[in-house]
Every structure is written in structure tokens, then in C-alpha cells.
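Here is a brief report on one structure. Please look over the sequence and the model before reading on.

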Amino acid sequence: MAAPQVITPAQRWHPQLLRLATLVVLGLAWETASRFNSTLNLAMPSLLMIAKALFAILFDGKFYQHLGITLWQVVASMVVGGLAGVGLGLWGGLKRRFGQAIEPYVYYLAPTPKIIILPVLILMFGVGSGSKIAMGALSCFFPILLSTLAGVWQINPVLIRVGRSFHLSNRQMLTLVYLPAVMRPVITGVRLGLGMAITGVLLSQIRLSNAGLGFLAISAFQTFQVADMYAILILVFALAALANAGVASVERRLGG
Amino acid sequence: MSAGALAVEHVGKRFVTPQGTVTAVEDVSFSVKKGEFVSIIGPSGCGKSTLFAIIGGLLDQYEGRVLVDGHTVDGAHHDIGMVFQEESTFPWRTTIENIAFPLEVAGMPKKERLEKAVHFLELVGLTDFAHRYPSELSGGMRQRTAMARTLAFEPKILLMDEPFAALDEQTRLLLGDQVLRIWRELNQTTLLITHNITEAVQLSDRVLVMTYRPGRLKREVPIDLPRPRSSEVVGSVAFGQLVGQIWKDLREEASRGMKATEGGRND
Ligand SMILES: Nc1ncnc2c1ncn2[C@@H]1O[C@H](COP(=O)(O)OP(=O)(O)OP(=O)(O)O)[C@@H](O)[C@H]1O
Ligand SMILES: [Mg+2]
């Protein structure tokens, strides 16, 4: 006889609903803390104030200017860091000995916070967009390089032999075998790298700049407009989620 | 000499590994006439795939030489098409795109090459699966895709390395019928590498038996069963006698191979 299945309340809940409920509970906790504790009130303005700030920002043209600058810096970082990462990854993957020689360095440099060399980047690329893009590029370069390297090394060797048996030129080998074969790992690297590029750009905007969402958030904080700061953080979060979803949809479309 | 004749003269290959030198193939000589179907049979690890790679021009630094129509082959030859032992379809291409691959390499425009690929798709019976990816096909279908891809290359000489090794006996017999039909239709010189006696006898004009370590040719068995053949030939007395004869040769080699592997050493 089958035992009657015990359904816990959590199981009866749809995951989406559960996620929403979590948000509501957090919101209530936040609101409670904000209203009944005057110290916390400074750090945690009421949700209504944050919502008001959010709307004010969204209807302010200045925000879009900073958004545009941030987007441009992130995109430029991804182009520079991505091309360098994929290029070096393909090169190191094909020239196995070279790749194996540099791999340990890449492996240990990858998780090192790049922000510590921001002063150097500022000296090299100036206080404007240059140093922000350099920081973003440096941040996304490593994960993209690592996954491209791994991708090339994991190519099924028989596919290379198939290519040779059909007399592929070196260029055809690259475009018809290597590139499509590493597409998936490269996209995974791009997804990881995108998060790193956003972080890198925003962090350097927070440290030293006069433009961008990072700058907007930190200057709101420095002028005690904490609600504004939270509103900007929410927008940054939404932006990152959107970018990630974009890459994920490309990944899905590749199928396989 | 007519187009599509293959000759192998005193071919040998040694692999130097940290564990020592392995003589995979030693002094192998044979020839395949234009339009002939020859099988090479030998126990696992006897050097069949090594020989296959040498003939296909994918291995260098070997002894002896390989000739196509009397000319020594250096590197991959445009008259030779290869079907590999391992899974070799491109996972990012659909069946039809896989088959059209060699045509794309040759620079044929997209529309034209897809049209042409359809012919080979039909030949291997995969018409209904034209737009599926390899991950959506069975192992046998993937091997047929790989075979159609090589056929689309239109080689004069077709080399196949245990193309059906991973399949069950029934599927293998039926695919054998398809291979024979295609061979009749395209009249390609065919060299099939296998470790399956039934398959070798079912398909070939001649069977070459290889020894285990070092891989040499031990005997040549002409298969004088009437053509055209179908898989029903498997039930005939003559078939049984040929299988028995080859098995006697092979048994000795196979048991030598087993012992060598059991000892945990490879030489
Ligand atoms: N690249 C290599 N380096 C070292 N040894 C090798 C190499 N390739 C093959 N060998 C050795 O040569 C021998 C013959 O290998 P090969 O793959 O040609 O056998 P095979 O007859 O195709 O076996 P199977 O039927 O299992 O596919 C084996 O002992 C193998 O270990
Ligand atoms: Mg083999």
C-alpha cells in the first residue's frame, strides 16, 4: 500500500510565488526596521521613499546620461577583454605548450580582485572612461580566457582528424571546426565575464570618477541621499539581470 | 593503372612511449583493385586503426609507402574518404549540414550543396531526420550520418574503420545490406576495417587477417560467395565455412591479445 504523500506547505507553493513571498517578507522586515528604529532609519529609508526616489530618477534625464556612459564602458570592456580572451584562448589552446605554460598564471590571477591596480590603470589610461574600460576589460578577460582555453582543449580530437581527412585549410579548420566547437564554452565565459566587467566598471566609477551609475550611487551616499542610492542599486541590479538574461537566451538559441 | 586503386607497401609504425616502444604495424603489404571491396580483420589492439590512419595520410613518420593509382601518397589524399571508428559527427550541425560539410569545404554555394546532400541523405535512409542534431539521433544513425558525409566527398577510395562496431548484430547486418547497395551504386574501391567476422565475410571480395602485436598480415581469404549478396547469405553453408576458416586464424591471435592485456602489460 502506498503511503499517503505528505505535502508540506512549501511544496504546495509555486516557486515563483515563493520567491514573491520572500520579497514581501523582506520588504516588511525592512519597513519595520526603518519605522521603529531611528538609527536604522538613516541606513534604511522607508520603501516609500526609495520608490519615490526611483521614480524621480527614472524621470530625470541625467540618469540616462550616466546609464549610457556605464553601458558604453561595459560594452567597450567586453569587446576589448572578450576579443583578447578569446584570441589568446584560441592561440593558447592550439599551441598547447604555450597554453599550458601560461595556464597557472591565468588560474591564479583570475580570482584576484583587479581593483587593487586601479591606481596604475588611472596612471596609464587617465581618470576618464579609459581607466574604467581597462578595469572592466581586465576583469572579464580572465574568465573568458579560461573557458576558451578549456574549450579548445576539450575538443573531440576525432573532429580534427575529420577536418584533416577532408583537406581543410588552416583557415577552414579555424572557422568550420575550432570556432563552432568552442562556441558553448566561450558563451559560458562571456556570461561569467559580463558580471565581472559590470563589477569592474562600477567599482572603478565608485572609486574615482564623475560619471556613470557607480558615481551616481556613491555621490548620492556622500550627500546623505540614501534613498537615491538604494534606487540606483536597484536599477543596477535590474541592468545586470537583464544583461545576464540576454546572454542566456543566446546560449539557449545555440541549443545542442 | 585505373583510377581508384590502392596499394600498401611494407608499411610499419612504431610508437615510442615512456613505457617503451610499441610496434603497432609491421611490414604490411597488400593492394586493393579499383572497385574491389576488401576487409581487414584483426583482434582489438592489433594496429588496425593505426594502419587506417597511415593510409588516410593522418599519421606521419611511418615505414613503407602508400600508393593511390601508382603514386606515393603524402598526407591526406583527395581520392580517399575516411569513416572513423569513433563518434565523429559535428554536434553543432544537423544531419543534412553534417553531410553537406565536405561540399561546403569545397566552396559549393549553400543551396546547391544542401540539394546535393539530400541524395546522400536518402542513400543512408535518414531523410526523415535531415534537420535533427546528432544528439537527437541513435548511435547507428550518427554513424550513417558520418558515412553519408564521407560519401558526399565522393572519394574514389572509401576507408572505413569499424563504422558499426558500437551497434547490435541485427542493425549491423541490415546496415551491411545498405553498405553493399551503396557500394554497387557508387562503385567505390572500399577498404573496411573490422573485428567482426560475419561483417567481413558478408561484405567483402577478400578478407585480410591481421596478427596481434606486431600487426602483420597473416592470411588472405578470398570470399567467392555470389553477388549481389544480401544479409540472408549469413545462413548459407558456404558462409559458415568461410567464417569457420577465418575464426581459426583469428582465434589464435585474439587469445594472444587477451593474454597480453590480462598481464596488464601492453608488450
Ligand atoms: N598515438 C599512440 N601512441 C602510442 N601507442 C599507440 C598510439 N596509437 C596506437 N597505439 C598502440 O598501438 C596499438 C594498436 O592500436 P590501434 O588503435 O591501431 O588498434 P586497433 O586494431 O584499431 O584496435 P581496436 O580494434 O580496439 O580499435 C595499441 O597497442 C595501441 O596502444
Ligand atoms: Mg581501432
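The report below covers domains, sheets, enclosed spaces and backbone details.

## Model and domains

The model is predicted. The domain assignment splits chain B into two parts. Domain 1 of chain B takes in 1–79 + 156–248. Domain 2 of chain B covers 86–154.

The C-alpha centres of these two domains of chain B are 24 Å apart. Where they meet, 15 residues of domain 1 of chain B contact twelve residues of domain 2 of chain B.

## The four-stranded sheet of chain B

One open sheet in chain B has four strands, ordered β2-β1-β4-β5. Its pairing is antiparallel. The edges belong to β2 (20–32) and β5 (71–72) of chain B. Each has a single partner strand, so one side of each is left without a neighbour in the sheet.

At one end of the order, β4(B), residues 63–68, pairs with β5(B) over two bridges in the antiparallel sense. There, Val68(B) stands opposite His71(B) of β5(B). Helix α1(B), residues 48–55, lies across β1 (6–17), β2 and β4 of chain B. The helix runs at about 120° to β1(B).

## The six-stranded sheet of chain B

A second open sheet in chain B follows the order β6-β7-β8-β3-β9-β10. It has six strands, and the pairing is mixed. Here β6 (80–83) and β10 (217–222) of chain B are the edge strands. Each has a single partner, so one side of each is left without a neighbour in the sheet. From one strand to the next, the twist averages 15°.

Strands β6(B) and β7(B) run parallel and are joined by four bridges. Within this pair, Gly81(B) is opposite Leu158(B) of β7(B). Helix α1(B) packs on this sheet. It touches β3 (37–41), β6, β7, β8 (189–194) and β9 (206–210) of chain B. Its direction makes about 155° with that of β7(B). Helix α1(B) also lies across three strands of the four-stranded sheet, namely β1, β2 and β4 of chain B.

## The cavity in chain B

How many cavities of 30 Å³ or more are there? The count comes to one. The largest cavity holds about 40 Å³ of space. Its lining consists of Met147(B), Leu151(B), Leu158(B), Met160(B), Val179(B), Ile182(B), Trp183(B), Gln188(B) and Thr190(B).

Three elements of chain B each give two or more residues to this lining: α5 (139–152), β7 (157–161) and α6 (169–186). The largest share, three residues, comes from α6(B). By class, the lining of the largest cavity has seven nonpolar, two polar and no charged residues. Leu158(B) belongs to this lining, and Leu158(B) is also the residue opposite Gly81(B).

## The second largest pocket, in chain A

About 380 Å³ of space lies in the second largest pocket. Its lining is made of Leu23(A), Trp30(A), Leu47(A), Ile50(A), Ala51(A), Leu54(A), Tyr230(A), Leu233(A), Ile234(A) and Phe237(A).

Which helices of chain A each supply at least two of the lining residues? They are α2 (15–36), α4 (47–58) and α12 (226–254). The lining counts ten nonpolar residues, with no polar and no charged ones.

## Backbone details

Most residues other than glycine have a negative phi, and most peptide bonds are trans. Two sites depart from this pattern. The peptide bond from Arg227(B) to Pro228(B) is cis, with omega near -10°. Pro228(B) sits in the loop between β10 and α8 (237–262) of chain B.

The other site is His167(A). Its phi is near 60°, a positive value in a residue other than glycine. His167(A) lies in the loop that runs between α9 (157–165) and α10 (170–207) of chain A.

Terms used: Residues numbered from 1 in each chain as written. Chains lettered and ligands numbered in written order. Predicted model: local features only at pLDDT ≥ 70, side-chain atom pairs only at ≥ 80, totals over all residues. Heavy atoms only, no water. Pairing = 2+ DSSP bridges. Contact = heavy atoms within 4.5 Å. Axes fitted to C-alpha atoms, helices over the stretch in contact; angles between N-to-C directions. 1 Å grid on protein atoms, 1.4 Å probe; cavity = no way out; pocket = protein on both sides within 12 Å on 5 of 7 lines; lining within 4 Å. Points joined across faces, edges and corners; volume = space filled by probe spheres on them. Nonpolar A, V, L, I, M, F, W, Y, C, P; charged D, E, K, R; others polar. Domains from an automatic or database assignment.
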